[in-house]
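Subject: Structure for you to look at

Dear colleague,

I am handing over the structure that I mentioned, and below it you will find some notes on one part of it. Please read them with the structure open beside you.

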Amino acid sequence: MGERKPGDRERAITSVAKTSITDSGEKQHTLLGADELILNMGPQHPSTHGVLRVKLKLDGERVIGSECMIGYLHRGVEKIAEHRTYQQFAPYVDRMDYVAAVSNGLGYCEAIEKLLLVEAPVRARVIRTILTELQRIASHLLWLGTHALDIGALTPLFYCFREREEILKIFEKYCGARLTTHAFRIGGLQYEAYDTLEKDVERFCKNFESRIVEYEDLLTQNRIWLGRTKGVGILTSAEAIAFGATGPVLRASGVKWDIRKAMPYAAYDQYKFEIPVGTAGDTYDRYLVRMEEMRQSRLICLQAIENIPSGPILAKVGKVLKPPPGEVYHSIEAPKGELGYYVVSDGTVQPYRVRIRPPSFVNLQSFDRMVRGHLVADVVAIIGTLDIVLGEVDR
Amino acid sequence: MQAVTQGTIEFLKLYWAPLLCGVVIVAFLPLIVGYVVLVERKLMADMQARLGPMRVGPHGLLQPIADAVKLLIKEDIIPEDADKLVFWLAPVLSVGAALLSLAGIAIGPAFQIAKDINIGILFVVGVSAMGIFGIVLGGWASNSHYSLMGALRSAAQLVSYETAAGMALVSGLLFAGTLNITSIVEAQRQQGIWFGLLAPVAFFTYLVASIAETNRAPFDLPEAESELVAGYMTEFSGFRWSLYFLAEYTNMIVVASVATTLFLGGWLRPFPRTQWLNFLDFLPPLLMVAIGLYCLVRVPKQPARVQQFFMVAVAGLCFFLALVLAVPVLVPVVNPSLAAGVKPLYEGIHGSFWFLFKVSAYLYFFMWLRFTLPRYRFDQLMRLGWHFLIPLSIINVLVIGIAMIVGTYLHLEGWWLLLATLPASIIALLIALFILAAEQKSGQQQAGGAASDSYAG
């Protein structure tokens, strides 16, 4: 203690924060002539969805500036790739967006298949589609539960987890793992589908139809929910494109862009589905878009299980993968947006470079634009609506 | 010296019963609050498709005791830069105010610690509002941004909603003509109708305002765990934290008791003066018997021997309560000459049953709302308070007053008073809806520019 006076630490933190947030470095005076308040949110905070750290500059409770500080979950995934063989790296991608591991795996496997110039068999592609769409529903359910929890509705979280559990059970039956599944293999599938896969998926889809109506009953027309989400965190279509936003964040702003339609992969070209698009680009529209996406994913699953073609599940790729020298970029529509893999091969068994374009990281860039002028309570709503996973942001 | 001893003895002779009651309340309230929390967790679990606490004791029934022990032996952390004296004082203030306000509450005609205060309800409301000092000081003394914001929110919220709650109480008090809690209930007995039915708008206003005053969802902004971590309690831990918790739940019980006393007929049974509904007196013992029988039916389905014993014990307790409740209503039926003798017994036992029943129903409603609704934002909360509830409650006082005058001229009494007050309530509601519509219109116009600044006040 000694010479320390009360408030010393406070002042020290504040002065550091000021130099990094304000552009001019000058003291800004707010509405009532008071100093602004620097509030540090995270990395340990109940609703920053992991270890996001946000430095907020506040006028009372109004946000006049923000800075996202990331990297608390950095594991150097891209560097690890350079020291593993192509197959060895596959389980690592599951740990990026750990609530949508199947989608990560699909993107990686397809990228390497592109590099190898092979194509997965039809049966493998259909099963991949089913599992990936289930994963999209699971990921959106987790988003819905936590987003509602951030805004103060306690109950939807448990309903969402109940549904998500059903999906995780299907994954567990298929490959033995629930979260970090490593379900696919380069060139096709790791495992043959188990006997009752179609039945399980069908039962889930049937239940889910009425369950999603329940969630909407709780929230969609709720006055408080409308008040908390409408007009909050508006992102116009031009801004969304400029920030490079993808996925539901982009579509809620009115841009009809979905890689499943634009550049079909897996078996998406065989199925009919709609791309829900919002108009206002606010939190409420993003909510509606994701809800509708869950319904569409359900429809895709139902179409896919109707006719799963028979045949092999693995293309002939050999035990040792040595892609020809070259580079490839392949992207898929992950639940959170465009998930891209840029892989450079130098002809050896290890990739020369793997660059991953994570949707969460890019979507997070629009955070500052969205929170300015809103209240502290809206900050958590906006973090929730961006649907970020820090494992993916920091890699 | 002798005079002092003599004085003390005189004092004790006069006040031994209230003192004892006070000690009992301070000793048992934490336990009661603990079980209210357990009930809340169980209800929440029921609504969320899960089981809730199940580990400590049969069906988690010893969980509150385990929690209390855990909180007591936890490390007591005081932040380095905190104002230590205020930090120490704040939770004590909060819990002190809450416990003190309980003294004014009458659970039955016989069970009241501070008996016959002529400003009874004012005392309760005033003292319980003192608890806000504990919150504001606690938030300030923590020297943390989150705590400070929680405290600021809490202060603003209480000031706004205390007005609406006060005006709602005035509407009810107009019928009673007194602030004395016992007299308020007696007035409802004389009218034969609850004031909540005579002034439904006031009851509704008080309901909403009391949720906001006790910082419960959807108005739990001072705590708002997803925004402010834990608001004003962020830096508090262990026993200090549990004092805040105790204060919050005690306050819930206090506001529920006030609402019960003024709007729901206090310890009176429903329709206290309607003769042909006298069979309602048999409802409490029958209810207890039904619960006991249900427990017995469920006994074979319990998985463990301990739980089976426990269910039988609960059933036994229910039957015992049924017996206690049945005595005062059965004795007059068997032997009418004893009717006058058991009257105080009836008032005491059935009075507390109905009072606690109504308070529980009120608390259940609180909890139900918490599990269902998202949280308001601060500016929305302020707008709801200042632009809707306060005008509504003031208008309601005016129209209820006019209705009272009309009622006096036409010599309306009891249920006939509804003829005057119902149109008055409808008028108040219509005006309020009109205000709300106008408010929404102006809100939409404002939304064109930057975000509206209703927070600035």
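Which residue of β8(A) does Tyr342(A) stand opposite? In this model, which is a predicted one, the residue facing Tyr342(A) is Arg355(A), and a further pair is formed by Gly340(A), which stands opposite Arg357(A) in β8(A).

These pairs belong to strand β7 of chain A, residues 337-345, and strand β8 of chain A, residues 351-357, which run antiparallel and are joined over 6 bridges. The two strands make a hairpin that leaves 5 residues between them, and in its turn Gly347(A) has a positive phi of about 90°.

The hairpin is part of an open sheet of 3 strands in chain A, ordered β6-β7-β8 and paired in the antiparallel sense. Because β6 (326-334) and β8 of chain A are the edge strands and each has a single partner strand, one side of each is left without a neighbour in the sheet. On average, neighbouring strands of this sheet are turned by 15° against each other, if direction is ignored.

Two helices of chain A meet these strands. Helix α4 of chain A, residues 101-116, packs on the sheet and touches β6 and β7 of chain A, with its direction at about 150° to that of β6(A), while helix α3 of chain A, residues 86-94, lies across β7 and β8 of chain A and runs at about 160° to β7(A).

With best wishes

Notes
Residues are numbered from 1 along each chain as its sequence is written. Chains are lettered from A and ligands numbered from 1 in the order in which they are written. This is a predicted model: local features need pLDDT of at least 70, side-chain atom pairs count only at pLDDT 80 or more; totals for chains, interfaces and linings use all residues. Side-chain values use heavy atoms; hydrogens and water are left out. Two strands pair if DSSP finds at least two bridges between them. Helices (H or I, at least four residues) and strands (E, at least two) are DSSP runs, numbered from the N terminus. Axes are lines fitted to C-alpha atoms, for helices over the stretch in contact, and angles run from 0 to 180 degrees between N-to-C directions. Contact means heavy atoms within 4.5 Å.
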